[in-house]
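Dear colleague,

Please find below the sequence and the coordinates that I am handing over to you. My notes on what was found follow directly after them.

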Amino acid sequence: MSSVNEIDVIKEIDISLSKIEDEDARNRILTWVNSKYLKSPQIQQLPVTIIDQPIAAAQEKTKIAKSSNGKSKSARKTTFSIVKEISLRPDGVKSFKEFVKEKDPKSDQEKCLVAVYYLKMNLNIENIDANYVFTCFKDAGWRTPANLTTTLTVLSSQKGWVDTSSLKSIVLTNLGEDYVEHDLPAKGKNEL
């Protein structure tokens with residue numbers, strides 16, 4: 001039996017999952033994989049250089065597909081839109097930008113969490129999806145993660161701050177609520 005290269009397996013998983021357009025189906029698959037193969041509920045994120053560079057090369061191969069007449073066409077990419085029905089500067093409530101300034105999130109995961117927290121706790125929105133989070137990123141002037149859906153899914157599986165079992169209704173967990181309320185902004189070494 002030959003040994004299997006870890007990077008090759010990651011590439012194959014990435015290629016297979018990128019072909020599934022239904023985000024809920026992709027999330028169910030990832031949840032099943034985590035429950036079957038993950039020994040510990042907390043997993044460490046692998047360094048970008050280990051995963052992203054080989055995967056980027058594999059993705060580049062799958063991005064361009066040949067049509068029947070031989071001309072290339074781009075693969076379908078998930079796009080998000082601004083939710084126009086919400087105001088991130090509501091009367092009587094701290095604006096999203098003010099809330100961001102107060103909490104000072106650093107990573108994309110913290111930014112996603114702050115967005116979900118604000119939408120749920122300050123605006124009382126029940127069915128938060130990636131478009132709502134995207135709207136918050138645009139309002140704050142943040143660069144949107146390369147794959148916002150994946151960032152949200154990782155936020156759920158690695159941190160447990162949100163529940164993304166339905167990406168059409170992202171749920172803020174108690175862990176996420178506590179993190180925003182008690183751990184943001186991050187305390188400096190001198191403040192500990």
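I begin with one ion pair: lysine 120 and glutamate 126 meet through their side chains in a salt bridge, at 2.9 Å from N to O. Lysine 120 is partly exposed, with a relative accessible area of 28%, whereas glutamate 126 is exposed at 52%. Please bear in mind throughout that this is a predicted model.

Overall architecture

The protein is built from eight helices and four strands. Their order along the sequence is α-α-α-β-β-α-α-α-α-β-β-α. The chain has 192 residues, of which 33% count as buried.

The other salt bridges

The structure holds four salt bridges. Besides the pair described above, two deserve a description here.

Arginine 89 forms a salt bridge with aspartate 139, and the closest N and O atoms are 3.1 Å apart. This pair links distant parts of the chain, since arginine 89 belongs to the loop between β2 (72–74) and α4 (96–103) while aspartate 139 belongs to helix α6, 50 residues apart. Aspartate 139 has a relative accessible area of 13% and is therefore buried, the cut-off being under 20%.

Glutamate 102 is paired with lysine 94, and here the closest N and O atoms are 2.2 Å apart. Both partners are partly exposed: glutamate 102 has a relative accessibility of 38%, and lysine 94 has one of 35%.

The second largest pocket

Which residues line the second largest pocket? The lining consists of Glu21, Asp22, Glu23, Asp24, Thr78, Thr79, Phe80, Asp129, Ala130, Asn131, Leu167 and Lys168. Two elements, α2 (23–37) and α6 (130–140), give two or more residues each to this lining. By class, six of the lining residues are charged, three are polar and three are nonpolar. The space in this pocket comes to about 160 Å³.

One of the lining residues, leucine 167, may be described further. Leucine 167 is placed in the loop between β3 (162–163) and β4 (171–172). Its relative accessibility is 7%, so leucine 167 counts as buried, for which the value must be under 20%. The C-alpha atoms of leucine 167 and aspartate 24 are separated by 6.3 Å, although the two residues are 143 apart along the chain. Aspartate 24 is also listed in the pocket lining.

Threonine 78, another member of the lining, takes part in a second long-range pair. Its C-alpha atom is separated by 8.3 Å from that of asparagine 147, with their positions 69 residues apart along the chain. Asparagine 147 is in the loop between α6 and α7 (148–159) and is partly exposed, with a relative accessible area of 40%.

A nonpolar surface patch

Ile29, Trp32, Val33 and Tyr37 together form a nonpolar patch on the surface, with about 400 Å² of accessible area. Within this group, tryptophan 32 is located in helix α2. Tryptophan 32 has a relative accessible area of 47% and is partly exposed.

Backbone features

Three points of backbone geometry may be of interest when you inspect the model.

A cis peptide bond joins leucine 184 and proline 185, with omega at about 0°. Proline 185 belongs to the segment after α8 (174–183).

Aspartate 104 has a phi near 50°, which is a positive value in a residue other than glycine. This aspartate sits in the loop between α4 and α5 (108–122). At 33% relative accessibility, aspartate 104 counts as partly exposed.

Asparagine 124 likewise has a positive phi, near 55°, and is a residue other than glycine. Where along the chain is asparagine 124 found? Asparagine 124 is in the loop between α5 and α6. Is asparagine 124 buried or exposed? With a relative accessible area of 57%, asparagine 124 is exposed, because the value is over 50%.

With kind regards

Conventions
Residues numbered from 1 in each chain as written. Predicted model: local features only at pLDDT ≥ 70, side-chain atom pairs only at ≥ 80, totals over all residues. Heavy atoms only, no water. 1 Å grid on protein atoms, 1.4 Å probe; cavity = no way out; pocket = protein on both sides within 12 Å on 5 of 7 lines; lining within 4 Å. Points joined across faces, edges and corners; volume = space filled by probe spheres on them. Nonpolar A, V, L, I, M, F, W, Y, C, P; charged D, E, K, R; others polar. Patch = residues over 30% accessible without salt bridge, like charges linked within 9 Å, V, L, I, M, F, W, Y side chains within 5 Å. Areas by Shrake-Rupley, 256 points an atom, 1.4 Å probe, with all protein chains shown as cover. Buried < 20%, exposed > 50% of the residue type's maximum accessible area, 1.4 Å probe, protein only.
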